[in-house]
Amino acid sequence: MIELFYANTPNGRKISIMLEEIKYEYKITIVDIYKDEQFNADFRKISPFSKIPAIIDHKNKISLFQSGAILIYLAELSGKFYNASEKILIDQWLMAQMGDIGPMLGQHHQFHHFNPGKSKFGEERYLSIAKRIYKDLDEHLSKSDYLAGKNYSIADIATFPWIARHEWHDVGLKNFKNLSRWYVNISQRDAVIKGFDCLKKGEKIPPL
Ligand SMILES: N[C@@H](CCC(=O)N[C@@H](CS)C(=O)NCC(=O)O)C(=O)O
């Protein structure tokens, strides 16, 4: 049994989608980051940077924080979405998500979606970075079915929930043909639909 410490954000959803994909039994413990529950002492024991997601694997008595590390752990455990022969490329795209795509789009959310009008510089900077990310992903996906090649992997699982915030990005996902194809394809997976709405609140993946 995996316990997932969760909020319904892109980083949280990476792990609920993965758990649905590998069909593991899991229990969700909600951490309300809008009420600062991430700073509770008990939670900080498993997530020292006070961030979701984190997991406890009660069977193996392991706890982990950082979504990329959790995805690798679950992939190794299940033997899924992390093919041995493709690991280098999967790692590369997973790192691109963890180091660039997530943090940059996260800043774009802060300036453009949550705090418009507070900083022209911040809004312009992160909108332009968001556009670049869409363009670069689109270009890459013109040559590749999935991020790390012909197979769906944890790199796609990490990146998808960020693009699923495209309505906040104001970049126009539809204008990016290859990224749109990738997005629609992944949106239709049963596990992705279930993992996106793991709280069973009827949360739907935004269409194109
Ligand atoms: N690099 C971390 C980022 C996690 C992260 O930024 N989580 C956000 C929610 S999406 C959070 O917990 N924010 C609360 C805070 O920073 O106080 C990961 O991928 O796990």
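Where is N60 found? N60 sits in the loop between β3 and β4, and I'll start there. Quick housekeeping before we go on: this is a predicted model, where local features need pLDDT of at least 70 and side-chain atom pairs count only at pLDDT 80 or more, while totals for chains, interfaces and linings use all residues. Residues are numbered from 1 along each chain as its sequence is written, and side-chain values use heavy atoms, with hydrogens and water left out.

When I say helix or strand, I mean DSSP runs numbered from the N terminus: H or I with at least four residues for helices, E with at least two for strands.

Okay, back to N60. Is N60 buried or exposed? Neither, really: N60 counts as partly exposed because its relative accessibility is 37%. Here buried means under 20% relative accessible area, exposed means over 50%, and partly exposed is in between, using a 1.4 Å probe and protein chains only. Leaving out residues up to four places away in sequence, N60 touches Y73 and L77; a contact means heavy atoms within 4.5 Å. The side chain of N60 also makes a polar contact with the side chain of D57, at 2.9 Å. A polar contact is a pair of N or O atoms within 3.5 Å; within protein, one must be able to donate a hydrogen and the other to accept it, and residues adjacent in sequence count only if both atoms are side-chain atoms. And here's a fun one: N60 and I2 are 58 residues apart in sequence, yet 9.4 Å apart in space, C-alpha to C-alpha.

K61 is in that loop too, between β3 and β4 (62-65). K61 is exposed, because its relative accessible area is 72%. It has a positive phi of about 50° although it is not a glycine. Most residues other than glycine have a negative phi, and most peptide bonds are trans. D36 is another one to look at: its phi is positive, about 65°, and it is not a glycine either. You'll find D36 in the loop between β2 (26-30) and α2, and it is partly exposed because its relative accessible area is 43%. As for peptide bonds, the one from I52 to P53 is cis, with omega near -5°. P53 lies in the loop between α2 (41-46) and β3 (54-57).

Now the ligand. Which residues are closest to it? Of the 13 residues that surround the ligand, the closest are Q38, K51, I52, Q66 and S67, where near means a heavy atom within 4 Å. A polar side-chain atom of K51 lies 2.6 Å from an oxygen atom of the ligand. For S67, a polar side-chain atom is likewise 2.6 Å from a ligand oxygen. For Q38, an N or O atom in the side chain is 2.8 Å from an oxygen of the ligand.

Last stop, the inside. All 10 of the 10 residues of helix α6 (residues 154-163) are buried, so this helix is largely enclosed by the rest of the structure. Among those buried residues are D156, F160 and W162. H108, in helix α4 (residues 87-114), counts as buried because its relative accessibility is 0%. Not counting residues up to four places away in sequence, H108 touches H113, Y126, L127, A130, W168 and H169.
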